Amino acid sequence: MPQNDDVRFTSSSLKLPLFSPPLQHHTQKNPFFTNLHLILQNSSLQNPILQTLSKFPLPKFHQNFNPQNAILQFLKKPRNINLFNWNLPKTPLICSASMALTQSQVQNNPDDLPGSTQLSGSGPKMGSGNEERVLISEVLVRNKDGEELELKDLESEALNALKACRPNSALTVREVQEDVHRIIDSGYFCSCMPVAVDTRDGIRLVFQVEPNQEFHGLVCEGANVLPARFIEDSFRDGCGKIVNIKRIDEIISSINGWYMERGLFGAVSSVEMLSGGMIRLGVSEAEVNNIAIRFLDRTGEPTVGKTRPETILRQLTTKKGQVYSMLQGKRDVDTVLAMGIMEDVSIIPQPAGDTGKVDLIMNVVERKSGGGISAGGGISSGITNGPLAGLIGSCAIYHKNLFGRNQKLNLSLERGQIDSLFRINYTDPWIEGDDKRTSRSIMIQNSRTPGTLVHNQPDGSLTIGRVTAGIEYSRPFRPKWNGTAGIIFQRAGARDDKGNPIIRDYYSSPLTASGNTHDDMLLAKLETVYTGSGDPGSSVFVFNMEQGLPVWSEWLGFNRVNARARKGVLLGPMRLLGSFSGGHVVGNFPPHEAFAIGGTNSVRGYEEGAVGSGRSYVVGCGEISFPLMGPLEGAVFADYGTDLGSGPSVPGDPAGPRRKPGSGYGCGVGIRVDSPLGPLRLEYAFNDQRTGRFHFGVGLRN
């Protein structure tokens with residue numbers, strides 16, 4: 001074989017911005033994605049954090065977000081999490097993926113013939129167009145010094161990565177270059193240099209590779225909210241092994257995914273290999289620098305707001321110094337809207353100068369007026385006879401934002417066939433200076449309600465009049481749990497159909513506990529409420545207790561406890577709903593305050609209060625509902641209730657003369673229609689006395 005000049009394939013060593021995820025093209029017509037893609041395409045700062053943040057789904061309240069200002073200022077001010085080592089000298093992590101041809105003298109092995117093959121010379125070659133091919137007899141993988149690799153697994157990885165370079169194949173420079181890229185892309189090598197050597201058996205192609213270092217530790221900078229254990233678990237499997245760039249890329253994707261799942265402004269921004277097998281991981285997180293409130297009118301122009309900014313700011317869970325979370329911001333928007341005094345709310349993040357932090361501007365549009373007049377109607381469950389049975393009309397004068405502090409004042413009047421209610425209520429949803437979100441409610445009311453639930457009269461109607469005044473404090477103490485405590489004064493007495501006070505019913509049973517025309521009582525109230533998601537299948541639990549405080553000798557002293565629970569379970573398209581309620585009274589209490597059993601929200605198939613009037617009670621219900629068509633649902637149900645034999649222990653035994661059985665059950669069918677007021681229920685049930693009855697109700701059973 002003729003001798004040719006020396007030819008050598010070499011690869012250039014370049015430090016590249018590693019692991020930048022490819023830009024994802026989204027189909028959503030969202031200005032955030034559009035603007036951000038333009039930034040990434042036009043900006044010379046192809047930062048991995050920009051490419052990562054482009055994948056964040058943007059909530060509606062961020063549609064005005066300017067990503068160019070907010071993200072390009074995403075500079076690092078890292079605080080360090082040192083997981084394994086620290087203060088190590090820094091060397092770049094090299095990734096070579098390009099190749100050049102240079103002329104050099106090759107030191108041949110002893111078995112090699114002098115000289116080497118020149119691809120463009122007169123040696124054996126084949127070509128197509130302008131690309132010349134050289135016949136290769138042997139392909140080897142060696143280290144950078146030309147010696148065999150110590151780890152045979154790495155040699156196998158490199159050989160398996162080759163596609164074109166095979167023994168007894170004719171190759172072009174382009175094909176060799178592509179296989180160099182494939183070896184680098186395997187992730188185990190930081191450089192690769194192909195060398196062609198002329199031997200007695202032909203041209204030998206040797207890929208001289210330099211493996212990555214073994215991984216012995218990690219230094220993470222700037223990860224203030226990312227759990228250290230998450231990082232440790234991600235890198236633990238690679239400890240003591242050759243660093244694989246592909247695996248590092250997967251870890252970085254999982255870290256970025258951790259931020260994206262939580263809506264956090266954070267991502268991996270740099271990766272470097274340090275001497276001694278250490279990796280330095282840089283993370284950028286945008287902390288909230290300041291939060292400002294900006295009032296806008298309906299046209300979007302700045303205006304002067306009536307609400308105090310501090311009243312809005314205290315509603316936000318996002319605080320200064322936190323890493324900004326879009327999910328948390330969305331919850332804050334919902335919270336401010338739930339105040340009932342805003343028409344529109346949005347949050348816009350903006351860069352805080354050169355600090356690498358984010359300033360949040362909350363744009364709010366207030367409702368035209370914080371006050372107004374409303375009117376409506378309802379149904380009373382205590383009236384069962386007459387053409388307008390149970391209908392109630394109501395009107396109210398209200399103000400939802402007193403003094404710009406979100407305080408509520410409501411004056412309401414309700415009037416029905418027998419029912420009436422006049423109520424003045426003042427509520428402060430969050431007491432100033434309190435950090436537990438405690439609310440305060442002050443109430444004065446004068447009401448008249450039917451007494452037929454306990455003392456139904458054959459010779460006419462009987463009503464219970466109450467004058468009530470009190471104050472209550474309420475606050476959440478656990479997620480989904482809320483507690484209420486209060487003190488209430490009440491004066492209650494019975495009146496006949498002409499409005500005259502009476503102290504005994506038709507059967508000469510007493511209507512008051514004191515024997516006077518009215519009972520006075522001072523009640524200490526405690527209540528705890530658990531609510532699930534709020535949908536019909538969620539859980540609800542309510543427990544309340546009232547303690548009569550006999551401050552004066554004539555004031556009543558008693559203890560009353562009541563509990564109710566509801567739980568729904570989905571069974572395919574059907575829903576199983578179970579509910580339970582029960583209570584007990586100890587002490588001297590007004591007989592009209594006895595537990596009335598039977599009716600639409602108790603045991604269906606019976607009139608209201610027709611099962612029993614007891615000092616104790618238990619009511620249970622099982623119900624299966626299923627879809628019919630559109631908003632219609634069908635239901636099958638069964639109810640049972642009992643006074644646990646406590647009817648005679650109620651002062652005057654009102655249930656005895658009225659022959660209430662004390663226990664009973666009912667079962668039936670019904671249909672439901674969704675409405676803004678809740679499910680409208682029309683039901684028909686038979687009781688255990690084989691008597692049928694229609695029931696109409698609004699909302700879920702109590």
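The exercises below work through a predicted model of a protein.

**Exercise 1.** State how many helices and strands the protein has, and what share of its residues is buried.

Solution. The secondary structure consists of 10 helices and 33 strands. Of the 702 residues, 45% are buried. The accessible surface comes to about 35000 Å², and carbon and sulfur atoms account for 54% of that surface. For contacts between residues at least 6 apart in sequence, 61% join residues at least 24 apart.

**Exercise 2.** Locate Gln315, classify it as buried or exposed, and list what it touches.

Solution. Step one: Gln315 sits in the loop between α8 (309-313) and α9 (326-338). Step two: the relative accessible area of Gln315 is 7%. The cut-off for buried is under 20%, so Gln315 is buried. Step three: leaving out residues up to four places away in sequence, Gln315 touches Asp332, Thr335, Val336, Met339, Trp430 and Arg437. Step four: with Arg437, the side chain of Gln315 makes a polar contact of 2.9 Å.

**Exercise 3.** Identify the residues of the nonpolar surface patch, find the strand that gives the most to it, and classify Leu628.

Solution. Step one: the patch covers about 840 Å² and is made by Leu628, Met629, Ile671, Leu677, Leu682, Phe694, Phe696 and Val698. Step two: strand β33 (residues 692-698) contributes the most, with three residues. Step three: Leu628 belongs to the loop between β29 (616-627) and β30 (632-642). Step four: the relative accessibility of Leu628 is 47%. Partly exposed lies between the limits of 20% and 50%, so Leu628 counts as partly exposed. Membership of a patch requires over 30% relative accessible area, and Leu628 is one of the patch residues.

Note on methods. Residues numbered from 1 in each chain as written. Predicted model: local features only at pLDDT ≥ 70, side-chain atom pairs only at ≥ 80, totals over all residues. Heavy atoms only, no water. Patch = residues over 30% accessible without salt bridge, like charges linked within 9 Å, V, L, I, M, F, W, Y side chains within 5 Å. Areas by Shrake-Rupley, 256 points an atom, 1.4 Å probe, with all protein chains shown as cover. Salt bridge = Lys/Arg side-chain N within 4 Å of Asp/Glu carboxyl O. Helix = DSSP H or I, 4+ residues; strand = E, 2+ residues; numbered from the N terminus. Buried < 20%, exposed > 50% of the residue type's maximum accessible area, 1.4 Å probe, protein only. Contact = heavy atoms within 4.5 Å. Polar contact = N/O pair within 3.5 Å; in protein donor to acceptor, adjacent residues only side chain to side chain.
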